[in-house]
Amino acid sequence: MPEASSRGESSWSRKFRCAFRGVKRGIRGESSFFVHFFVAALVLTAAATLDADRTEQALLWLCIVGVLTCELFNSSIERLARAVDENFNPHLRDALDIAGGAVLCAALGAAVLGTAVLGRLTLAACGYVR
C-alpha cells in the first residue's frame, strides 16, 4: 500500500487515488471487465435512443454498476490467488469459482432486467404497448 507523501497529502485523497488506480487496472487489465463495460455502453445508448424515463435509467445504471463492481471484486480475488499460490489449490479454485459465480449472478440479473426494460421500450416505440 502506498505511503503518505511528504507533501502532506490527505488520507482521503490517497484513498481516492488508489481507488481510481484500481478501477483503471480493472478496465485495462481484465478482458471480462472490458466486455461488461462495452455492453453497458450499448445498453445506455439503447436506453437513451428509446427514451427511457428516469426510473428505467436508474435501474439500468444500478445493474451496470453492480456487474462492474462484481467484476472488479472477481479480478481482485484472481490476482490475490495468483499472488498466494501459483500451484493448483482446491481452496483457491473454490474461491475463484465462487467469485465468478457472483459475477454470473449479477450479469444474469442485469440481463433479465435490461431485457425487460429495453424490451418494453422497444415495444412502445413500435406502438405495441403504451
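This is a short talk on the surface patches, cysteines, salt bridges and one unusual backbone angle of the structure shown above.

Before I begin, please keep in mind that what we are looking at is a predicted model, and that the values I quote are computed from it.

Let me start at the surface, with the charged side chains. Arg21, Lys24, Arg25 and Arg28 gather there in a patch of positive charge. If you want to find the patch by eye, begin with Arg21, which sits in helix α1, the helix that covers residues 11–29. Arg21 counts as exposed, because its relative accessible area is 52% and the cut-off for exposed is over 50%.

There is also a patch of another kind, and here the side chains are nonpolar. Phe34, Val35, Phe38, Val39 and Leu42 make a nonpolar surface patch of about 490 Å². One of these residues, Phe34, has its place in helix α2, which takes in residues 31–49.

Now to the cysteines, since someone at the bench will want to know about them. How many disulfides does the model have? The count comes to zero, and the reason can be followed in the distances. For Cys70, the nearest cysteine sulfur is that of Cys105, and it is 8.5 Å away, whereas a disulfide requires two cysteine sulfur atoms within 2.5 Å. Cys105 is likewise in no disulfide, its nearest cysteine sulfur being that of Cys70. As for accessibility, Cys70 is partly exposed, at 22% relative accessibility, while Cys105 is exposed, with a relative accessible area of 59%.

From there I turn to the salt bridges, of which a search of the whole structure finds two. In one of them, Glu56 pairs with Arg120, and the closest N and O atoms are 2.4 Å apart. Glu56 belongs to helix α3, residues 54–84, and Arg120 to helix α4, residues 90–125, so this pair ties together parts that are 64 residues apart in sequence. What about the surroundings of the two partners, buried or exposed? Glu56 is buried, with a relative accessible area of 8%, but Arg120 is partly exposed, with a relative accessible area of 35%.

The other salt bridge joins Asp94 to Arg93, with 3.1 Å between the closest N and O atoms. Here Asp94 is partly exposed, at a relative accessible area of 35%, and Arg93 also counts as partly exposed, at 38% relative accessibility.

Staying with helix α4 for a moment, I would point out Ala102, which is found in that helix and which counts as partly exposed at 38% relative accessibility. Measuring from C-alpha to C-alpha in the model, Ala102 and Arg17 are 26 Å apart in space, and in sequence they are 85 residues apart.

Finally, there is a point about the backbone that deserves a look. Most residues other than glycine have a negative phi. Which residue has a positive phi although it is not a glycine? That residue is Asp51, whose phi is about 65°. Asp51 lies in the loop between α2 and α3, and with 66% relative accessibility Asp51 counts as exposed.

To go back over the main points, we have a positive patch that includes Arg21, a nonpolar patch that includes Phe34, a disulfide count of zero, two salt bridges, and a positive phi at Asp51.

Technical notes. Residues are numbered from 1 along each chain as its sequence is written. This is a predicted model: local features need pLDDT of at least 70, side-chain atom pairs count only at pLDDT 80 or more; totals for chains, interfaces and linings use all residues. Side-chain values use heavy atoms; hydrogens and water are left out. Patches are made of residues with over 30% relative accessible area and no salt bridge: like charges are joined within 9 Å, nonpolar side chains (Val, Leu, Ile, Met, Phe, Trp, Tyr) within 5 Å. Accessible areas come from the Shrake-Rupley method with a 1.4 Å probe; for residues, only the protein chains shown count as cover. A salt bridge is a side-chain nitrogen of Lys or Arg within 4 Å of a carboxyl oxygen of Asp or Glu. Lys and Arg count as positive and Asp and Glu as negative; His and the chain ends are not counted. The place of a charge is taken as NZ of Lys, CZ of Arg, CG of Asp or CD of Glu. Helices (H or I, at least four residues) and strands (E, at least two) are DSSP runs, numbered from the N terminus. Buried means under 20% relative accessible area, exposed over 50%, partly exposed in between (1.4 Å probe, protein chains only).
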